Amino acid sequence: MIFVTVGSTYFEELIEAVDRLAGDGRLGPDVVCQIGSGQYEPRHCRYFRWTDNFDHYLASSALIITHGGMTVLEALWRNKPLIAVVNTGVLDNDQAPFLERLSQIFDITWTRDPREIGNLLDHAKHKPFKVTEPHIARYIETLV
Amino acid sequence: MSVADVTAPDEVRDGAGPETSAPILIHSGVAGFSSEVKALVSGFRRSVPVVMAYPRMQAPRLQKRFKARRFVVTDNVNPGRRSGQRRSFIAFVRNVWRCRRRVKRIKPALGIFLGSAEALPMMIACRMSGVPCVFIETITRSDALSRTGLLVYRLRLAHHLLVQWPDLARKYRRAAYRGIVYDFCHGGVDLFRRTDRGGG
């Protein structure tokens with residue numbers, strides 16, 4: 001399954017681009033889109049707006065196409081191939097700097113243009129990583 | 001806990017069994033913020049009593065995700081401009097007051113607030129009640145604080161403002177870098193084993 005997610009807002013350009021690719025047969029038969037509050041409803045994919053079972057879709061997907069938010073880290077945490085797309089329609093957009101920083105560490109596949117997704121399908125993997133950063137919980141435990 | 005419990009009038013819901021020490025109050029925002037909170041909570045090595053605070057609108061979904069033994073439901077005010085909802089200063093003040101009543105009842109040892117503007121009423125209530133507050137900027141902010149983070153920074157609303165990128169700690173001198181909320185060695189990828197993980 002290919003899982004596409006836009007997070008808590010909307011990302012019309014991403015859903016439209018994915019729907020186009022699905023209609024052309026480039027993504028296979030099993031594509032599921034989480035469209036949030038977006039107006040565009042895909043014609044060639046299954047879709048929903050919100051779910052209580054988000055973790056299940058992430059865990060059972062073979063490829064995750066996501067906006068440049070927290071789902072990128074969720075995909076990395078699960079070692080899933082991913083393509084991240086900057087959502088420029090969101091207020092106070094911080095996704096491009098975030099993805100640039102992440103790509104320096106994880107070599108993730110990302111783009112600012114949803115129309116490029118078709119060209120990135122074969123590159124949707126990230127390099128094995130080792131993260132040695134401490135967990136914030138260690139510090140918080142010293143405060144209690 | 002059922003959905004009916006969540007939609008009942010705002011109160012602190014207690015699970016079974018007494019608390020042996022003052023709990024940590026953790027406020028969870030929605031969507032990506034809840035993922036970070038979940039990652040944070042999973043990182044505690046020793047058992048700490050936790051009370052989760054949720055905004056009312058997302059309470060049923062967040063409660064399924066966290067299954068906390070104790071939780072607080074806060075009103076939906078200041079949910080953020082991204083959700084397109086109107087903000088009301090009067091409702092904000094009222095929510096702070098309601099949160100303060102809950103804080104007085106919970107008596108947390110520490111309040112942890114991660115990223116979202118929805119956490120502001122509870123954080124201000126904790127601050128007014130003398131509870132040490134930790135604000136953790138979301139990891140998605142890599143080059144500048146969010147508007148909420150800037151507000152917290154400039155008004156010194158939190159006793160500890162933690163950022164998850166070292167560059168931000170250099171940029172904002174009152175912020176500190178103490179690591180990240182994600183434990184990449186724990187979750188799903190057994191590439192590298194940590195040898196210093198303790199029990200509990």
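The questions and answers below concern helix packing and one arginine in a predicted model.

Local features in this predicted model need pLDDT of at least 70, side-chain atom pairs count only at pLDDT 80 or more, and totals for chains, interfaces and linings use all residues. Residues are numbered from 1 along each chain as its sequence is written, chains are lettered from A in the order in which they are written, and side-chain values use heavy atoms, with hydrogens and water left out.

User: Is Arg102(B) buried or exposed?
Analyst: Arg102(B) belongs to helix 4 of chain B, residues 89–106, where helices are DSSP runs (H or I) of at least four residues, numbered from the N terminus. Buried means under 20% relative accessible area and exposed over 50%, with partly exposed in between (1.4 Å probe, protein chains only). Because its relative accessible area is 5%, Arg102(B) is buried.

User: Why are helix 3 of chain A and helix 4 of chain A described as roughly parallel or oblique?
Analyst: Their axes, which are lines fitted to C-alpha atoms over the stretch in contact, with angles running from 0 to 180 degrees between N-to-C directions, come within 11 Å and cross at roughly 15°. Angles under 35 degrees count as roughly parallel, over 145 as roughly antiparallel, 65 to 115 as roughly perpendicular and the rest as oblique. Helix 3 of chain A and helix 4 of chain A are therefore roughly parallel.

User: At what angle do helix 4 of chain B and helix 5 of chain B pack?
Analyst: Helix 5 of chain B covers residues 120–128, and its axis is 8 Å apart from that of helix 4 of chain B. The pair is oblique because of the packing angle, which is about 55°.

How values were computed: Helices (H or I, at least four residues) and strands (E, at least two) are DSSP runs, numbered from the N terminus.
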